Amino acid sequence: MGAQLRVYKRRIRSVTATKKITKAMEMIAASRVVKAQRKVAASAPYATELTRAVSAVGTGSNTKHPLTTEAETATRAAVLLLTSDRGLAGAFNSNAIKAAEQLTARLEAEGKEVDTYIVGRRGLAHYNFRERKVAESWSGFTDEPTYADAKKVAGPLIEAIEKDTAEGGVDELHIVFTEFVSMMTQTALDDRLLPLSLDEVAKEAAPKGEILPLYDFEPSAEDVLDALLPRYVESRVYNALLQSAASKHAATRRAMKSATDNAGELIETLSRLANAARQAEITQEISEIVGGSAALADATAGSDR
């Protein structure tokens with residue numbers, strides 16, 4: 001009984017230490033997700049207005065450009081997958097990876113060759129373990145991405161969309177990230193960045209009664225689109241990185257809260273078992289004392305006769 005009681009006490013100490021760690025991680029994630037939310041809200045207007053500017057140029061001119069013109073026969077596509085560098089975030093990474101794999105399968109079914117770009121060690125580890133080809137990867141900034149990080153990621157993607165497919169370029173650019181909806185809801189999405197669907201932008205503006213103004217382009221619409229292309233891709237990648245970071249922190253907070261609650265329940269269960277073992281040990285000791293006392297009394301009575 002004594003050995004069993006020691007085992008329970010050791011497990012209680014271990015689980016209590018783990019509970020302190022998960023509680024601290026929950027509080028850290030809660031503070032970070034608020035900051036990430038603010039960054040997402042701050043970046044959204046710029047990305048939205050830049051998209052509107054691109055759509056205005058696209059609808060106001062007949063210039064063929066990778067931003068607005070779809071290839072007659074698309075043969076290659078690039079997929080950018082955003083994951084995290086660290087785990088302990090529930091199904092955050094697995095949902096994003098699953099969405100990327102479904103998108104890749106759909107593009108391949110359409111007869112397109114897919115180049116995969118990955119942000120985050122978790123996504124890269126998943127693809128390396130399965131020996132899948134990765135065009136390029138980045139890591140080390142997923143918790144707090146900056147615009148400089150977005151420019152670093154967008155650079156190779158812009159080069160790929162500007163190249164001909166015969167030279168290793170791509171016709172389409174897709175991004176898979178986790179959208180931050182609320183503290184309790186984060187959704188893995190796949191979105192086509194390029195070429196931009198002008199019809200979808202028009203549909204989004206129609207319910208609001210917004211009409212795109214007419215523009216004169218100098219020196220030309222093509223030069224304007226060339227200037228907007230890197231800024232558009234960078235802003236969309238930056239917004240997606242911020243959305244993914246906020247979603248990761250929210251998922252970590254939720255996972256750590258669940259772990260803390262489970263640890264508390266386990267401590268209660270172990271405490272009950274330890275108390276039962278201690279009570280059983282005390283009962284056994286009392287029984288041994290009473291039995292020994294009775295045996296001693298019987299021995300003394302026998303010697304008196």
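**Exercise 1. List the residues that line the largest cavity of this predicted model, and work out which element gives the most to that lining.**

Step 1. Start with the residue list. The lining of the largest cavity is made up of L82, T83, S84, F92, V119, T142, L241, S244, A245 and K248. Keep in mind that you're looking at a predicted model.

Step 2. Now sort by element. Helix α6 comes out on top, giving four residues to the lining of the largest cavity.

Step 3. Put a volume on it. The largest cavity holds about 60 Å³. A search of the whole structure turns up one cavity of 30 Å³ or more.

**Exercise 2. Find where D143 sits, decide whether D143 is buried or exposed, and list what D143 touches.**

Step 1. Place the residue: D143 belongs to the loop between β3 and α4.

Step 2. Check the accessibility. D143 has 17% relative accessibility, and the cut-off for buried is under 20%, so D143 counts as buried.

Step 3. Go through the contacts, skipping residues up to four places away in sequence. What's left is R32, R86, A245, K248 and H249. Two of these names should ring a bell: A245 and K248 are also among the residues lining the largest cavity.

**Exercise 3. Describe the lining of the second largest pocket: how many residues, which lie nearest its centre, and which element gives the largest share?**

Step 1. Take the volume, which is about 350 Å³ for the second largest pocket.

Step 2. Count the lining: 18 residues, with V114, D115, T116, K133 and A135 nearest the centre.

Step 3. Split the lining by element. At least two residues each come from α2 (92-109), β2 and α4. Strand β2 has the largest share, with five residues.

**Exercise 4. Classify the aromatic pairs as stacked or edge-to-face, and say what each pair connects.**

Step 1. Know how many you're after: the structure holds two aromatic pairs.

Step 2. Take Y117 and W138. Their centres are 6.3 Å apart and the planes make an angle of 15 degrees, so with stacked set at under 30 degrees this pair is stacked. Y117 is in strand β2 (residues 113-119) and W138 is in strand β3 (residues 136-138), so the pair ties together parts 21 residues apart in sequence. At 7% relative accessibility Y117 is buried, and W138, at 8%, counts as buried too.

Step 3. Now Y147 and Y238. Here the ring centres are 5.3 Å apart and the planes stand at 75 degrees, so this pair is edge-to-face. Y147 lies in helix α4 (residues 147-162) and Y238 in helix α6 (residues 221-304), 91 residues apart, so the pair links distant parts of the chain. As for accessibility, Y147 is partly exposed at 28%, whereas Y238 counts as buried at 18%.

Step 4. One more ring to look at: R132 lies over the face of Y127, 5.6 Å from the ring centre.

**Exercise 5. Find the residues that touch the most other members in the largest nonpolar core, then trace which elements build that core.**

Step 1. The largest nonpolar core has 41 residues, and the ones touching the most other members are L80, L82, V119, V153, L194, V233 and V237.

Step 2. Map the core onto elements. Two or more residues each come from α1 (2-59), β1 (76-82), β2, α4, β4 (172-180), β5 (186-194) and α6. Helix α6 has the largest share, with 13 residues.

Step 3. Zoom in on V233. Ignoring neighbours within four places in sequence, V233 is in contact with A154, I158, L173 and L194.

Step 4. Don't miss the other one: a second, separate core has 13 residues, including A96, I97, L103 and L107.

**Exercise 6. Inspect the backbone at P195, L88 and E131.**

Step 1. L194 and P195 are joined by a cis peptide bond, with omega at about -10 degrees. P195 is in the loop between β5 and α5 (198-205).

Step 2. L88 isn't a glycine, yet its phi is positive, at about 55 degrees. L88 sits in the loop between β1 and α2 and is exposed, at 54% relative accessible area.

Step 3. E131 isn't a glycine either, and has a positive phi of about 55 degrees. E131 is in the loop between α3 (121-129) and β3 and counts as exposed at 75% relative accessibility.

How values were computed. Residues numbered from 1 in each chain as written. Predicted model: local features only at pLDDT ≥ 70, side-chain atom pairs only at ≥ 80, totals over all residues. Heavy atoms only, no water. Phe/Tyr/Trp six-rings, centres within 6.5 Å; stacked < 30°, edge-to-face > 60°. Buried < 20%, exposed > 50% of the residue type's maximum accessible area, 1.4 Å probe, protein only. Lys NZ or Arg CZ within 6 Å of the ring centre and 35° of its normal. Core = buried A, V, L, I, M, F, W, Y, C linked by side-chain atoms within 4.5 Å. Contact = heavy atoms within 4.5 Å. 1 Å grid on protein atoms, 1.4 Å probe; cavity = no way out; pocket = protein on both sides within 12 Å on 5 of 7 lines; lining within 4 Å. Points joined across faces, edges and corners; volume = space filled by probe spheres on them.
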